[in-house]
Amino acid sequence: MDTIVKLDLQDEIILDELWSLQHKAYRLEAEIIGFRDIPPLLETRDMLSRVKEDFYGCLDDNEELMGAVAVMEEAPGKLTVTRMMVSPDHFRQGVAGRMLEFIFARYAEMEQFIVSTGKLNVPAVTLYTKHGFIPAGVEEVAPGVELIEFHKSGKIE
């Protein structure tokens, strides 16, 4: 049974595993959406070690990092899923969905969850829609490259 834990980016081993996972996952997204300048692909290990996001990793029974999700509360009551990455070895095994459900439970007090992905990234669009996110807008970030922002309501007062 896999477990989801908070990742310590000051731990060099964890940082290396996360950086490697990030590059594998986002290179595939870059191919899907036809845009190579996705910010996580431009990050060095040192830059990653200094980010303000909270990272959680999904580990298998051997403590291998299967996936990771990062979140940041950018406004009171609004939690943004800033990164979602799954190792290609673990695609289509429910890893991303389990990480989203973990985030919803861990941050149950949030009023709104926000996430963005490339419009052409059908697997990600499908994932977010399946987990209750609703498209909230589209932004062109480069010629021919559009991001969809999704919102999901959190706690009900």
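Which residues are buried in H4? Keep that in mind as you walk through this predicted model; the tour reaches the helix after a look at the strands beside it in the chain.

**Stop 1: strand E4**

Select residues 78–86, which make up strand E4. Seven of these nine residues are buried, so the strand is largely enclosed by the rest of the structure. Now add strand E3, residues 65–75. E3 and E4 run antiparallel to each other and are joined by eight bridges. To see one of them, pick Gly67 and look for its bridge partner in E4, Val86. Then go to the hairpin of E3 and E4, where two residues sit between the strands. There you will find Gly77, with a positive phi near 80 degrees.

**Stop 2: across to strand E5**

Next, show residues 112–118, strand E5. E4 pairs with E5 too, in the parallel sense and over four bridges. Thr80 is a good place to click, as its bridge partner in E5 is Ile114. Follow the chain from E4 to E5 and you pass through helix H4, residues 95–106, in a right-handed β-α-β crossover.

**Stop 3: helix H4**

Here is the reply to the opening question: the buried residues in H4 are Val95, Ala96, Gly97, Met99, Leu100, Ile103 and Phe104. You can also try a distance check on the end C-alpha atoms of H4. They are 16 Å apart, which agrees with the 16 Å that twelve residues should span at 1.5 Å a residue.

**Stop 4: the aromatic rings**

Select Phe104, Phe113, Tyr128, Phe133 and Phe150, which ring pairs link into a cluster. Six aromatic pairs are counted in the model. Zoom in on Phe104 and Phe133: the ring centres are 5.9 Å apart and the planes meet at 45 degrees, so this pair is tilted. Phe104 belongs to helix H4, while Phe133 is in the loop between helix H5 (122–130) and strand E6 (134–142), so to find both you move 29 residues along the chain. Being buried means having under 20% relative accessible area. Phe104 counts as buried at 12% relative accessibility, and so does Phe133 at 3%.

Move on to Tyr128 and Phe150, another tilted pair, with 6.1 Å from centre to centre and 50 degrees between the planes. Tyr128 is in helix H5 and Phe150 in strand E7 (residues 145–153), so the pair ties together parts 22 residues apart in sequence. Both residues are buried.

**Last stop: charges over rings**

Return to Phe104 and show Lys152, which lies over the face of this ring at 4.7 Å from its centre. Finally, find Arg106 over the face of Tyr107, 5.1 Å from the ring centre.

Note on methods. Residues are numbered from 1 along each chain as its sequence is written. This is a predicted model: local features need pLDDT of at least 70, side-chain atom pairs count only at pLDDT 80 or more; totals for chains, interfaces and linings use all residues. Side-chain values use heavy atoms; hydrogens and water are left out. Buried means under 20% relative accessible area, exposed over 50%, partly exposed in between (1.4 Å probe, protein chains only). Two strands pair if DSSP finds at least two bridges between them. A crossover is right-handed if, with the strands pointing away from the viewer, the path from the first strand over the helix to the second runs clockwise. The expected span of a helix is 1.5 Å times one less than its number of residues. Rings of Phe, Tyr and Trp (its six-membered ring) pair if their centres lie within 6.5 Å; planes under 30 degrees apart count as stacked, over 60 as edge-to-face and the rest as tilted. A charge sits over a ring if NZ of Lys or CZ of Arg is within 6 Å of the ring centre and within 35 degrees of the ring normal.
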